[in-house]
Amino acid sequence: MQSLLKLSRAIDAFTTLVGRWVSWLIVLAVIISATNAIIRKVFDVSSNAYLELQWVLFSVVFLLCSPWTLLNGEHIKIDIINHTLPLKVRSWIDMIGHVLFLVPFCIILIWTSVPFFLVSFHQNEQSFSAGGLPQWPAKSLIMIGLALLLVQAVSEIIKRAAVMQGLLPDPNAHALSAHEIAELEALKLAQAITPDKP
């Protein structure tokens, strides 16, 4: 199990590195979006390439950061139910969800997205809009993102098995519910806008 945990740590480090770097593309997407809007309003000139580049950048962030989201436990859970269950039950729910749903989901979508990409690549598929971008690079993101998500799912399964064997502390033990997180955010916001007393 220790060798698997070492593999899991390597996967987590890679996922974190990719997630942190790719997330900066949000800033680039905002800059391109703002520049495109200003040019359109001031000079009455528009570019389909810039519009499509915004969509591609959003796709890159969404697909390539999804493993990082999984690593940090930021994916959607039904907190109202999840936080009322014992830790052992939550561990089993996580394990079953990863093994029976997430892994097969990733495998099926990778299996179907590879031919989807290859057809587009061999045809050198272009945008339907005049002056738009080629479509095959965007279509490659599906298989790349899902492959990274599958690798991170393997890491999560390894860690969950280690938690169930008592080799790792359970991250669910200190997880906050959505309600508790909202209360903390409200408290921080209230402290930020309250003027300091002399």
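A residue counts as buried when its relative accessible area is under 20%, as exposed when that area is over 50%, and as partly exposed in between. In this predicted model, Asn124 has a relative accessible area of 44%, so Asn124 is classed as partly exposed. Asn124 is found in the loop between H6 and H7, and although it is not a glycine, its phi is positive, at about 50 degrees.

The setting of that loop is a chain built on helices, for the protein chain holds 8 helices and 0 strands, and its elements follow the pattern α-α-α-α-α-α-α-α when read along the sequence. Of its 198 residues, 31% count as buried, while the accessible surface comes to about 13,200 Å², with 72% of that area belonging to carbon and sulfur atoms. Among the contacts with a separation of 6 or more, 75% are made by residues 24 or more positions apart.

One helix pairing can be followed in detail. Helix H1, which spans residues 2-23, packs against H7 with the two axes 9 Å apart and at an angle of about 135 degrees. Angles over 145 degrees would count as roughly antiparallel and those from 65 to 115 as roughly perpendicular, and H1 and H7 are therefore oblique to each other. Their crossing is left-handed. On the H1 side, the residues that meet H7 include Leu4, Leu5, Ile11, Asp12 and Phe14, and their counterparts in H7 include Leu148, Val151, Glu156, Ile158 and Lys159.

Two of these H7 residues also take part in a charged pairing. Side chains of opposite charge can pair when their charged atoms come close. Glu156 and Lys159 form a salt bridge in which the closest N and O atoms are 2.9 Å apart, and because they lie 3 residues apart in helix H7, they are separated by about one helical turn. Both Glu156 and Lys159 are buried, and salt bridges with shared partners join Asp12, Glu156 and Lys159 into one network. Asp12 is one of the H1 residues that meet H7, and the network thus brings together residues named on both sides of that helix pairing.

A search of the whole structure finds 4 salt bridges, and among them is one between the side chains of Arg160 and Asp94, with an N to O distance of 3.5 Å. This pair links distant parts of the chain, since Arg160 belongs to helix H7 (residues 136-164) and Asp94 to helix H6 (residues 87-122), 66 residues apart. Arg160 and Asp94 are both buried. Another salt bridge, with 2.7 Å between the closest N and O atoms, is formed by Lys139 and Glu125; Lys139 lies in helix H7 and Glu125 in the loop between H6 and H7, so the pair ties together parts that are 14 residues apart in sequence. Lys139 and Glu125 are likewise buried, whereas Asn124, from the same loop, is partly exposed.

His98 offers a further view of helix H6, where it has its place. With a relative accessible area of 12%, which falls under the 20% cut-off, His98 is buried. Its C-alpha atom is separated by 9.6 Å from that of Leu150, although the two residues are 52 residues apart along the chain. Leaving aside neighbours within four places in sequence, His98 is in contact with Leu70, Val103, Pro104, Ala153, Glu156 and Ile157. Glu156 thus appears both among the contacts of His98 and in the network with Asp12 and Lys159.

Definitions and conventions: Residues numbered from 1 in each chain as written. Predicted model: local features only at pLDDT ≥ 70, side-chain atom pairs only at ≥ 80, totals over all residues. Heavy atoms only, no water. Helix = DSSP H or I, 4+ residues; strand = E, 2+ residues; numbered from the N terminus. Buried < 20%, exposed > 50% of the residue type's maximum accessible area, 1.4 Å probe, protein only. Contact = heavy atoms within 4.5 Å. Areas by Shrake-Rupley, 256 points an atom, 1.4 Å probe, with all protein chains shown as cover. Axes fitted to C-alpha atoms, helices over the stretch in contact; angles between N-to-C directions. Parallel < 35°, antiparallel > 145°, perpendicular 65-115°, else oblique. Left-handed = near helix turned anticlockwise from the far one by under 90°.
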